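Biologist: Please take a close look at a single part of this model for me. I would like one connected answer that a first-year student can follow.

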Amino acid sequence: MSKQGSKRSALLLLLGIFVLPLLLAKLVLDLNWYQGGITNRGKLLDSPLTPQWLTELGGSKEGQWRLIYLLPEQCDSACQGALFNLRQVPVAVGAGKDRVDSTVLVAESAQATLSTEIQSHLTGIKLLSIPPHVVAQINTFEFGTKAIYIADPLGNVMMAYPLVSDKTAILAQGKDVLRDLKRLLKVSKIG
């Protein structure tokens, strides 16, 4: 009897060695004790947006990743920080800079009233004039007009970086955009 009892205990021990880790893993996942690693610094949009106007407006070569920002009527420190990052990030990408394009969208009604100070911040950035219905559509985006967006070469707006106004936060945001963009360029089969 003891020989049969030891066989059962060995079988139960062996079964426990293989089943217990599975049960523990299921418990950890079910109770949300494990938060998976997040590698992106920007906010992924709940569902990528594919605005038709993005491909219609043109302004960039086919197959380029785009950094998009809608210029508000009054450009505060957050706006100036966004323009700074739009100028710096494509240059900092390095060898892949021909695969990245920065585009600032300006409402048709506001383009004539751009101050010389703002125009100096726009040096090296593509400026596109957009009709009012496009401004209204951008306002429906998850972060509205208060973010820099990344669009893939197919025209899908997929990631956002909500604006910040502190100088150190602006620099940190630029590094975050650069890091994400470099990763996208590295793994991208398009653009």
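Modeller: Start with a term: a helix here is a DSSP run of H or I with at least four residues, and helices are numbered from the N terminus. Keep in mind that this is a predicted model. Now to Ile17, which is found in helix α1.

Helix α1 covers residues 2-30, so defined as a DSSP run. That makes 29 residues. From its first C-alpha to its last, α1 reaches 40 Å. At 1.5 Å a residue, 42 Å would be expected, and the span of α1 is close to that.

Where does α1 have a kink? The kink lies at Ile17 and is about 30°. The proline Pro21 comes shortly after it.

Ile17 also belongs to a nonpolar patch on the surface. Its partners there are Leu12, Leu13, Leu14, Leu15, Phe18, Val19 and Leu23. Together, the residues of this patch have about 830 Å² of accessible area. Ile17 thus appears twice: at the kink and in the patch.

What follows α1? Asn32 does, and its phi is positive, near 55°.

For contrast, take a residue in a strand. Thr103 is found in β3, residues 100-107. Is Thr103 buried or exposed? Thr103 is buried, because its relative accessible area is 1%, and buried means under 20%. Leaving aside neighbours within four places in sequence, Thr103 is in contact with Arg66, Leu67, Ile68, Tyr69, Ile125, Lys126 and Leu128.

Key
Residues numbered from 1 in each chain as written. Predicted model: local features only at pLDDT ≥ 70, side-chain atom pairs only at ≥ 80, totals over all residues. Heavy atoms only, no water. Helix = DSSP H or I, 4+ residues; strand = E, 2+ residues; numbered from the N terminus. Expected span 1.5 Å × (residues − 1). Bend = angle between axes of the 7 residues up to and from the residue. Patch = residues over 30% accessible without salt bridge, like charges linked within 9 Å, V, L, I, M, F, W, Y side chains within 5 Å. Areas by Shrake-Rupley, 256 points an atom, 1.4 Å probe, with all protein chains shown as cover. Salt bridge = Lys/Arg side-chain N within 4 Å of Asp/Glu carboxyl O. Buried < 20%, exposed > 50% of the residue type's maximum accessible area, 1.4 Å probe, protein only. Contact = heavy atoms within 4.5 Å.
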